[in-house]
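Dear colleague,

I am passing on the structure below, together with some notes on what came out of going through it. Please read the notes with the coordinates open beside them.

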Amino acid sequence: MKVNSKIALLALTATLSGLAHAEDLPTFQLTMANGKVSPTRIEVPANKRIKISIKNSGTSAVEFESVQLRKEKVLAPGGESFVVIAPLDPGEYKFFDDFNQATGQGVIVAK
C-alpha cells in the first residue's frame, strides 16, 4: 500500500471513529428556520459531553452560534448537521442565529 493510501485510510478511520463516538452522546434536537429557533430552551445534563443536532427547515441560510460555547455552524436551506459540546458547568449558555440575531435566540441550560 502506498504512503498516500495509508494516510487516507488512517484519516478515514479517525473520522469514522469520531462520528461513531458522537452518535453515542446524549443528543438534543434544534430546528432553525427563517429567524426562529425551536426550542428556545434546551435542558442538558451538566458535566457531560452532548450533541446538538441542528436542522434548517427554512428557506434561507442560518448560522448556529454561541460565543460562550465557542461554536458556530452554517446550514443551507434544508441542511442538517450537529455540534458536539464539551462538558458544561451548571448554568445557562446563550446561542443564536447569527443571520437573525434579533429574533433567533435561545439558551442551553446545563443542570
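**Strand pairing and a few side chains**

Strand β1, which covers residues 27–33, pairs in the parallel sense with strand β4, residues 50–56, over 6 bridges. Please bear in mind throughout that this is a predicted model. Within this pairing, Thr 27 has Lys 51 of β4 as its bridge partner. The charged end of that residue, Lys 51, sits over the ring of Phe 82, at 4.7 Å from the centre of the ring.

β1 also pairs with strand β2 (residues 36–38), here in the antiparallel sense and over 3 bridges, and in this pairing Thr 31 stands opposite Ser 38 of β2. The two strands form a hairpin with 2 residues between them, in which Asn 34 takes a positive phi near 50°.

Turning to the open sheet, 5 strands make it up in the order β3-β9-β8-β5-β6, and their pairing is mixed. The edges are taken by β3 (41–44) and β6 (71–75), each of which has a single partner strand, so that one side of each is left without a neighbour in the sheet. From one strand to the next, the twist averages 20°.

At one end of that order, β5 and β6 pair in the antiparallel sense over 5 bridges. Among the bridge partners, Glu 65 is matched with Glu 72 of β6, and Val 62 with Leu 75 of β6. These two strands also form a hairpin, with 4 residues between them, and Arg 70 in the turn has a positive phi of about 60°.

One residue of β5 deserves a separate look, and the question I would put is whether Ser 66 is buried or exposed. Ser 66 lies in strand β5, which spans residues 62–66, and its relative accessibility is 1%; because the cut-off for buried is under 20%, Ser 66 counts as buried. The side chain of Ser 66 reaches the backbone nitrogen of Leu 69 at 3.1 Å. If neighbours within four places in sequence are left aside, Ser 66 is in contact with Lys 71, Lys 94 and Phe 95; of these, Lys 71 falls within the range of β6 (71–75).

Finally, for completeness on the aromatic residues, the structure holds 1 aromatic pair.

With best regards

Conventions
Residues are numbered from 1 along each chain as its sequence is written. This is a predicted model: local features need pLDDT of at least 70, side-chain atom pairs count only at pLDDT 80 or more; totals for chains, interfaces and linings use all residues. Side-chain values use heavy atoms; hydrogens and water are left out. Buried means under 20% relative accessible area, exposed over 50%, partly exposed in between (1.4 Å probe, protein chains only). A polar contact is a pair of N or O atoms within 3.5 Å; within protein, one must be able to donate a hydrogen and the other to accept it, and residues adjacent in sequence count only if both atoms are side-chain atoms. Contact means heavy atoms within 4.5 Å. Rings of Phe, Tyr and Trp (its six-membered ring) pair if their centres lie within 6.5 Å; planes under 30 degrees apart count as stacked, over 60 as edge-to-face and the rest as tilted. A charge sits over a ring if NZ of Lys or CZ of Arg is within 6 Å of the ring centre and within 35 degrees of the ring normal. Two strands pair if DSSP finds at least two bridges between them. Axes are lines fitted to C-alpha atoms, for helices over the stretch in contact, and angles run from 0 to 180 degrees between N-to-C directions.
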